[in-house]
Structure formats: C-alpha cells, structure tokens
Amino acid sequence: MKFFPSFLLALSLLVSSTGAFAQGKPKAKGPATETLQVKTSAVCDMCKARLEKSLAYEKGVQAAILDVPSQVLTVTYRPDKTTPTALRTAVQQTGYDADKQTADARAYDRLPDCCKKTNNVH
Ligand SMILES: [Cu+2]
C-alpha cells in the first residue's frame, strides 16, 4: 500500500507550510516596527482614550497604549514613516507633556478639568 505514506507526507508538508505562512504573515505587512515609550502627564481613563485615539491617527503608528498608573505611553510605529520626535509632538498637541517637553498650551487649555496635570493620577 503506497498511498498511505505519501498521503501522510503530503499532510505533513501542508501543515508545515501552513505554519510557515502563519509565521511569515506579520512580516508581509512591511518593514519592522519600533517601540517608543513616552512619559506623559495623563491622569485618567479619559486621558488614555484621548491620547490613544490621537496617536492612532498619527502617520506610521501601528499601536498606542497608555498605562494610566505609570503615565507611560507605549507606541509601536514604523520608523520609515515617522520619528520619535514627531510622536512626542503629537502627544504635546493632544495637550500632554511628552517626556521633558511641555504640552501645547492651547491643547492643554481645552482639556476638561479632571484631565489637568495638577490632578494626581485617578
Ligand atoms: Cu484625563
């Protein structure tokens, strides 16, 4: 019976090539991404929603997640599309400090009182 071993071989080839395809899929999206961590002046979940949404619209950004307790924004981005400087500027223009750079004054003024950096994280 010659059919059975060749069937198994074909099956194992199929499984391994499917596995290779699944592993190769993220790479097919494009060049490698980099991660930037920015210390912000965000204080609450509204800040989190505002910052994450704002960064999501920023060119080259693939993901943005703010950890409210630590105030650290983690941005996954395409280094061929944007730069850490541009990402920090986007944070400032949303009304928040970005590392040592102070928030854009007009954007900061538009934040609700609960999101002002004079408040503690809440
Ligand atoms: Cu807030």
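1. Two residues are taken to be in contact if their C-beta atoms, placed from the backbone, lie within 7 Å. With that in mind, and remembering that this is a predicted model, one can begin with helix α3, which spans residues 84–93 and whose buried residues are L87, R88, A90, V91 and Q92. The cover over these buried residues includes β1 (34–39), α2 (45–56) and β3 (72–77). Just after the helix, G95 takes a positive phi of about 110°.

2. The strands that take part in this cover belong to a sheet, and its layout is worth reading slowly. The sheet is open, has 3 strands in the order β1-β3-β2, and is paired in the antiparallel sense. Because β1 and β2 stand at the edges with a single partner strand each, one side of each is left without a neighbour in the sheet. Neighbouring strands are turned against each other by 15° on average, if direction is ignored.

3. The two pairings can be followed residue by residue. Between β1 and β3, which run antiparallel, there are 6 bridges; V38 has L73 of β3 as its bridge partner, and T35 stands opposite T76 of β3. Between β2 and β3 the pairing is again antiparallel, over 6 bridges, and here the bridge partner of L66 in β3 is L73. The hairpin formed by β2 and β3 has 4 residues between the strands, and in this hairpin Q71 takes a positive phi near 60°.

4. Which residues form the covered face of β3, and which the uncovered one? L73, V75 and Y77 make up the covered face, whereas V72, T74 and T76 make up the uncovered face. As for the helices, α2 lies across β2 and β3 and runs at about 165° to β2, while α3 packs on the sheet, touching β1 and β3, with its direction at about 40° to that of β1.

5. The largest nonpolar core brings several of these elements together. In soluble globular proteins, nonpolar side chains tend to be buried together. In this model the core holds 20 residues, of which L51, L73, V75, V91 and Y96 touch the most other members; α2, β2 (61–67), β3 and α3 each supply at least two residues of it.

6. A student who wants a single residue to trace through the model could choose L73. Leaving aside residues up to four places away in sequence, L73 touches V38, T40, L51, A64, L66 and V91. Among these, V38 and L66 are also bridge partners of L73, and V91 is one of the buried residues of α3.

Notes:
Residues numbered from 1 in each chain as written. Predicted model: local features only at pLDDT ≥ 70, side-chain atom pairs only at ≥ 80, totals over all residues. Buried ≥ 20, exposed ≤ 12 C-beta atoms within 10 Å, placed from the backbone. Core = buried A, V, L, I, M, F, W, Y, C linked by C-beta atoms within 7 Å. Pairing = 2+ DSSP bridges. Axes fitted to C-alpha atoms, helices over the stretch in contact; angles between N-to-C directions.
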